[in-house]
Amino acid sequence: MKQKELAKWLKLIIVFCGLFGLLFCIFVGPEIGRYVLLESKSFKPLFNPFIVFIWITGVPYFIALCVGWIICSDISVGNDFTVENAKRLKLISVLAMIEGVLYAVALLYTVIIRNYNTNLLMILLLILFFAIVISVFTSLLSYLMRRASEIKQDNEFTI
């Protein structure tokens, strides 16, 4: 697969991820909140803060997608193994960890108030798991990208 074709596919995936994120923040998240929070009398007052929480956690997600778009643009022009892309991948790792921390705090809050809802706990644990996995793998990719850029620079200086 050529670089331009790969970059187009990756950008298409980013667009679909952005659409999914938008749908989640606008429709799915509030519907889950309605189903889980409005059913329980003790969780009912948390519905509006839950919606705000979903929107707040959407911010790092969409920033990461924008950074991913920039990386794809670099790939399409042949600037794939650069220190800048390694820094961008590290930024995506940090953004994913911010998501993980936000969802860990939400999980901790549900445990502290001792009003367990299995559906809510499963959703929080699932998102927390994915945030940690994405953070670890993008951090690993950042390291590999930095090493590859160093090797590429050494090869450019070697005759």
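Me: Which cysteine sulfur is closest to the sulfur of Cys72?
Reply: In this predicted model, the closest one belongs to Cys17, at 10 Å. That is too far for a bond.

Me: And Cys25, which cysteine sulfur is closest there?
Reply: Cys17 again, with its sulfur 13 Å from that of Cys25. Because a disulfide needs the two sulfur atoms within 2.5 Å, Cys25 does not pair with Cys17 at that distance.

Me: How many disulfides does the count come to?
Reply: The count is 0 disulfides.

Me: Is Cys72 buried or exposed?
Reply: Cys72 is buried, at a relative accessible area of 4%.

Me: Same question for Cys25, buried or exposed?
Reply: Buried, with a relative accessible area of 11% for Cys25. The cut-off for buried is under 20%.

Me: Changing topic. Which residues make the nonpolar surface patch?
Reply: Met97, Val101, Val105, Ile132, Val136, Phe137, Leu140, Leu141, Tyr143 and Leu144 make the patch, and its area is about 930 Å². Two elements each give two or more residues to the patch: α3 (83–112) and α4 (118–157).

Me: Which element gives the largest share of the nonpolar patch?
Reply: Helix α4, with 7 residues.

Me: Take Val136. Where is it found?
Reply: Val136 sits in helix α4 and is one of the patch residues.

Me: What is the relative accessible area of Val136?
Reply: The value for Val136 is 48%, so Val136 is classed as partly exposed. Patch residues need over 30%, and Val136 at 48% meets that part of the rule.

Notes
Residues are numbered from 1 along each chain as its sequence is written. This is a predicted model: local features need pLDDT of at least 70, side-chain atom pairs count only at pLDDT 80 or more; totals for chains, interfaces and linings use all residues. Side-chain values use heavy atoms; hydrogens and water are left out. Buried means under 20% relative accessible area, exposed over 50%, partly exposed in between (1.4 Å probe, protein chains only). Patches are made of residues with over 30% relative accessible area and no salt bridge: like charges are joined within 9 Å, nonpolar side chains (Val, Leu, Ile, Met, Phe, Trp, Tyr) within 5 Å. Accessible areas come from the Shrake-Rupley method with a 1.4 Å probe; for residues, only the protein chains shown count as cover. A salt bridge is a side-chain nitrogen of Lys or Arg within 4 Å of a carboxyl oxygen of Asp or Glu. Helices (H or I, at least four residues) and strands (E, at least two) are DSSP runs, numbered from the N terminus.
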